[in-house]
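Thank you all for making the time. I would like to walk slowly through one structure today, and I will ask you to keep it on the screen while I talk.

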Amino acid sequence: MDFELTETQTMTRKMVRDFVEREIIPESLKYDESQEFPDHWAQKMGELGLLGIYIPEKYGGSGLDSVSYAVTIEELARGDASASVIAAVCNGLACEPILRWGTEEQKQKYLVPLARGEWIGAYGLTEPGSGSDAAAMRTTARLDGDEWVLNGSKALITNGLKAKVLVTYARTGEKKYDISCFIVPTDAPGFSLLKKENKMGIRASDTMLLGFDRMRIPKENLLGQEGKGFNIALATLDGGRIGIAAQALGIAQRALEESVKYAKEREAFGQKIAEFQAIQWKLADMATEIDAARLLTYKVAHLKDLGRKHTYESSVAKLFASEAAHRAVDAAVQIHGGYGFLKDYVVEKLYRDQRITELYEGTSEVQRLVIARAVLGK
C-alpha cells in the first residue's frame, strides 16, 4: 500500500493551492458578504482545467484521476467552500453522468464545453417536496412528437443561476421508480429561475429554485435509457459524495491551520495559549480526525479510479469527513474564544460553511442508512 501522492497529484495540489492563495483567499470574505457569484474564479478554474479534472482530454477535460480531483476540491475548500462546490458540481454531477451515460453526440455537444470550463453545469434532483426521498419527485416528462415536455420544479440547485446545462430528473411513468434523466439547456423554452436562496454559508455559490413550465427539450436529450434515471442518480451521487468529503476535509484543514496560528499568537495568564494542555488536546483531536478523513476520502477516490463499486466507501468518507469538519470548526471557534464569533476571523465563516456538508448529497442520516444496509448485507 502506497500512501504517497504521485508526482502529478502533488503538482496538482501545488497548482491549486497557489491559485487559492493568490486569487480566492483575498476575496473570500467580500463574496461571502455580497453573495455574488465569483465569475472570475469560475473562469480561472475553467482555464486551469479544474471543472473537468478527470474527464478525458478528448472530451475537453484534464484527463487526471479521481485522487487529483479530491485533492483539488480539498484545496479549493481550504480557500473558500463556495469555490469548491462550484467545481465539485461541475465535475461530479454535471460532467460525470454525461461521460458515463451520454451518447457520443451528447458528449460532443454538452460535455466538451462543460469540461473545458466554457459552460457552468448544474444538477437537478431535489424538489421542494422531495429531498432524501428523491423517488417522491413530482416533476413529469412526457414525449410529444420529437420533444420532451417537462413540468415541475427543482429546489436547492447549486450553480443554477449561471448554469448553461442542467442534468435533471423527471417522472416518465406511473410507478415509483419510473424516472428518467435529461440534459436540459437552460435556454430551453419554459425554463425559469424562480428564486435565489439566502443561505447561512457557501454564500458565493448560488442556490436556486428552478421552474419547468411546459419546458420543451429535444427527444435526443434523454440521458441513458428511459425509466433508468433513478439508477443514474444513485450512481452519480456515489461519486459526488467524494467531492463533499473533500470539501469538508478542506474546511477542517483550514480550521486547524487558523487555530494553530492563533494559539501561537494569543497570550493568556502570561503565556501563549498553545502552551495550555486544553488547547493542545483540541488541536491533537482535530489533526487526528483530519488525517483519518483524508485517508478515507483518498481511498474512495482510488477505488473509483479502479472502477470498483464504492457506494459504501463514499458514504463512509462523506459521513466521517463532514462530521469531523463539524467538530473541527467548533473547536476552532472555541480556541479563538470571543474573537471566533466575529467576522474579522475566518473561523466564523468556516463554522457557517461547514454545516452544509452534513446535509447535501445525502444527509448524515441517509449516509448511516446506506452504511448500515451494507454492513447488514441488505
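Gln106 is buried, because its relative accessibility is 4% and anything under 20% counts as buried. Please keep in mind that we are looking at a predicted model. Gln106 belongs to helix 6, which covers residues 104–115, and if we leave aside the neighbours within four places in sequence, Gln106 is in contact with Ile98, Trp101, Leu111, Ile183, Glu220, Asn221, Leu222 and Leu223.

From that single residue let me move to the nonpolar cores. In soluble globular proteins, nonpolar side chains tend to be buried together. Here the largest nonpolar core has 93 residues, and the ones with the most contacts inside it are Met45, Leu76, Tyr169 and Met286. Which helix gives this core its largest share? That is helix 7, with 16 residues. There is also a second, separate core of 18 residues, and Ile157, Ala170, Val184 and Phe212 are among its members.

Next, the aromatic rings, where a search of the whole structure finds 10 pairs. In one of them, the ring centres of Tyr54 and Tyr69 are 5.2 Å apart and the planes stand at 85°, so this pair is edge-to-face. The two residues are 15 apart and link distant parts of the chain, since Tyr54 lies in the loop between helix 3 (39–47) and helix 4 (66–79), whereas Tyr69 lies in helix 4 itself. Tyr54 is buried at a relative accessible area of 11%, and Tyr69 is buried as well, at 2%.

A further pair is formed by Tyr177 and Phe230, with ring centres 4.9 Å apart and planes at 55°, so we call it tilted. This pair, too, links distant parts of the chain, 53 residues apart: Tyr177 sits in the loop between strand 4 (165–171) and strand 5 (179–185), and Phe230 sits in helix 7, residues 229–265. Are these two partners buried or exposed? Tyr177 is partly exposed, with a relative accessible area of 45%, while Phe230 is buried, at 16%. Elsewhere, ring pairs join Tyr262, Tyr339 and Tyr345 into a cluster.

Rings can also have a charge above them, and Tyr54 comes back here, for the charged end of Lys304 sits over its ring, 4.1 Å from the centre. In a similar way, Lys30 lies over the face of Tyr31, at 4.7 Å from the ring centre.

Lys304 also takes us to a helix packing. Helix 4 and helix 8, the latter being residues 277–305, pack at an angle of about 145°, and their axes are 7 Å apart. On the side of helix 4 the contact is made by Ser66, Val67, Ala70, Val71 and Glu74, and on the side of helix 8 by Arg294, Thr297, Tyr298, Ala301, His302, Lys304 and Asp305. By character, the residues of this contact divide into five nonpolar, three polar and four charged.

Now please find helix 10, residues 346–354. Eight of its nine residues are buried, so this helix is largely enclosed by the rest of the structure. The buried residues of helix 10 are Val346, Val347, Glu348, Lys349, Leu350, Arg352, Asp353 and Gln354, and what covers them includes helix 2 (28–34), helix 5 (81–101), helix 7 and helix 9 (311–336).

Let me pick Val347 out of helix 10. Val347 is buried, with a relative accessible area of 1%, and apart from neighbours within four places in sequence, it is in contact with Glu258, Ala332, Val333, His336 and Gly340. The C-alpha atoms of Val347 and Ser259 are separated by 8.4 Å, with their positions 88 residues apart along the chain.

I will finish with two backbone details. Gln35 has a positive phi of about 60° although it is not a glycine; this residue lies in the loop between helix 2 and helix 3 and is buried, at 14% relative accessible area. Leu156, which is found in strand 3, residues 147–158, has a positive phi as well, near 60°. Is Leu156 buried or exposed? With a relative accessible area of 54%, Leu156 is exposed.

Conventions:
Residues numbered from 1 in each chain as written. Predicted model: local features only at pLDDT ≥ 70, side-chain atom pairs only at ≥ 80, totals over all residues. Heavy atoms only, no water. Phe/Tyr/Trp six-rings, centres within 6.5 Å; stacked < 30°, edge-to-face > 60°. Helix = DSSP H or I, 4+ residues; strand = E, 2+ residues; numbered from the N terminus. Buried < 20%, exposed > 50% of the residue type's maximum accessible area, 1.4 Å probe, protein only. Lys NZ or Arg CZ within 6 Å of the ring centre and 35° of its normal. Axes fitted to C-alpha atoms, helices over the stretch in contact; angles between N-to-C directions. Contact = heavy atoms within 4.5 Å. Nonpolar A, V, L, I, M, F, W, Y, C, P; charged D, E, K, R; others polar. Core = buried A, V, L, I, M, F, W, Y, C linked by side-chain atoms within 4.5 Å.
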